[in-house]
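Hi,

Here is the structure I promised to pass on. Have a look at it first, and then read on for what turned up.

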There are 2 protein chains.
Amino acid sequence: MENPKKKTLGRRKIEIKKIEKKSSLQVAFTKRRGGLFRKASELTVVCGVEVAILVKSPADKLHSFGHPPDVEALISRAEEKIVGGMEQYLKFLEDFGGKVEENLR
Amino acid sequence: MENPKKKTLGRRKIEIKKIEKKSSLQVAFTKRRGGLFRKASELTVVCGVEVAILVKSPADKLHSFGHPPDVEALISRAEEKIVGGMEQYLKFLEDFGGKVEENLR
DNA sequence: AGTACTATGGTTAGTAT
DNA sequence: AATACTAACCATAGTAC
């Protein structure tokens, strides 16, 4: 072997909890946002579906992903119905796509 | 070995293009939507940020992910500004979070 | 329409630039 | 704030239920 010494320890297992070290958090955010958007992109292609994502960064910048490209396309159809709060929102979901499937955290 | 024969071939490399076989597409959608939402969930926790996702399924059902849980929280702040089309939308993004970062497909 | 299985393909932590 | 690096951790294709 040229260099028997490993250059890095490789990916380490982590607990899913907030990273406190600011520099690490920034790096993690950049990579994970990229990963999320790539997955979303693959989903739109592989399954031929519409996806819209909004992410607010640690620095309070807003990042968006949308296919169709104009994020509005999916979201704007909601704006009229969303005003009334959750009840109206759920009703919109029904109007939009029939049966409603939700995944909230 | 109890059974030297492998039960599956394991994950296979695929090209990122639309799956035509309906049954395979449904399975892929279920798994990839789950994966996307899990990644989104981890992002909210690990980086302490807000994320909202809307996905329209192959069967035209709408699936949503949101943290904060009421997807409105992030989206509703957009509804007033979105009406005016992309120009207004971009302006909203600026108002919302300062510098705008976009990732469109 | 969702879950279980498992080997393999793919993502990413920690660090440096 | 984003990218390069590498080993280790994780997601998932294809199939059956």
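Of the atoms of DNA strand D within 4 Å of the protein, what percentage belong to sugar or phosphate, and what percentage to bases? Before the answer, a caveat: this is a predicted model. Sugar or phosphate takes 70% of those strand D atoms, and bases take the rest.

Let me stay with strand D for a moment. The protein puts 23 residues around DNA strand D, and the closest are Gln26(A), Thr8(B), Lys31(B), Arg32(B) and Arg38(B). Sorted by class, the surface near DNA strand D holds 12 charged, seven polar and four nonpolar residues.

A few atom pairs are worth pulling up in your viewer. On the backbone side, Lys7(A) has a polar side-chain atom 3.3 Å from a phosphate oxygen of DNA strand D. On the base side, an N or O atom in the side chain of Thr8(A) sits 3.0 Å from a base oxygen of DNA strand D. Lys31(B) also goes to a base: a polar side-chain atom of this lysine is 2.5 Å from a base nitrogen of strand D. As for secondary structure, the elements that give two or more residues to the surface near DNA strand D are α1 (22-47) of chain A and α1 (22-47) of chain B. Of these, α1(B) gives the most, with five residues.

Now for the other strand. DNA strand C has 25 residues around it, with Arg11(A), Lys31(A), Arg32(A), Arg38(A) and Lys13(B) the closest. Of the strand C atoms that come within 4 Å of the protein, sugar and phosphate account for 67%. The class split for the surface near DNA strand C is 14 charged, seven polar and four nonpolar residues.

Strand C has its own set of base contacts to check:

- Arg11(A): a polar side-chain atom lies 2.7 Å from a base oxygen of DNA strand C.
- Lys31(A): an N or O atom of the side chain is 2.6 Å from a base nitrogen of DNA strand C.
- Thr8(B): an N or O atom of the side chain is 3.2 Å from a base oxygen of DNA strand C.

And which element gives the most to the surface near DNA strand C? That is α1(A), with six residues. Both α1 of chain A and α1 of chain B supply at least two residues of that surface.

If you want a place to start, try Lys31: in chain B a polar side-chain atom is 2.5 Å from a base nitrogen of strand D, and in chain A a side-chain N or O atom is 2.6 Å from a base nitrogen of strand C.

Cheers

Methods. Residues are numbered from 1 along each chain as its sequence is written. Chains are lettered from A and ligands numbered from 1 in the order in which they are written. This is a predicted model: local features need pLDDT of at least 70, side-chain atom pairs count only at pLDDT 80 or more; totals for chains, interfaces and linings use all residues. Side-chain values use heavy atoms; hydrogens and water are left out. A residue is near a molecule or strand if one of its heavy atoms lies within 4 Å of it. A polar contact is a pair of N or O atoms within 3.5 Å; within protein, one must be able to donate a hydrogen and the other to accept it, and residues adjacent in sequence count only if both atoms are side-chain atoms. Helices (H or I, at least four residues) and strands (E, at least two) are DSSP runs, numbered from the N terminus. Ala, Val, Leu, Ile, Met, Phe, Trp, Tyr, Cys and Pro count as nonpolar, Asp, Glu, Lys and Arg as charged, and the others, Gly among them, as polar.
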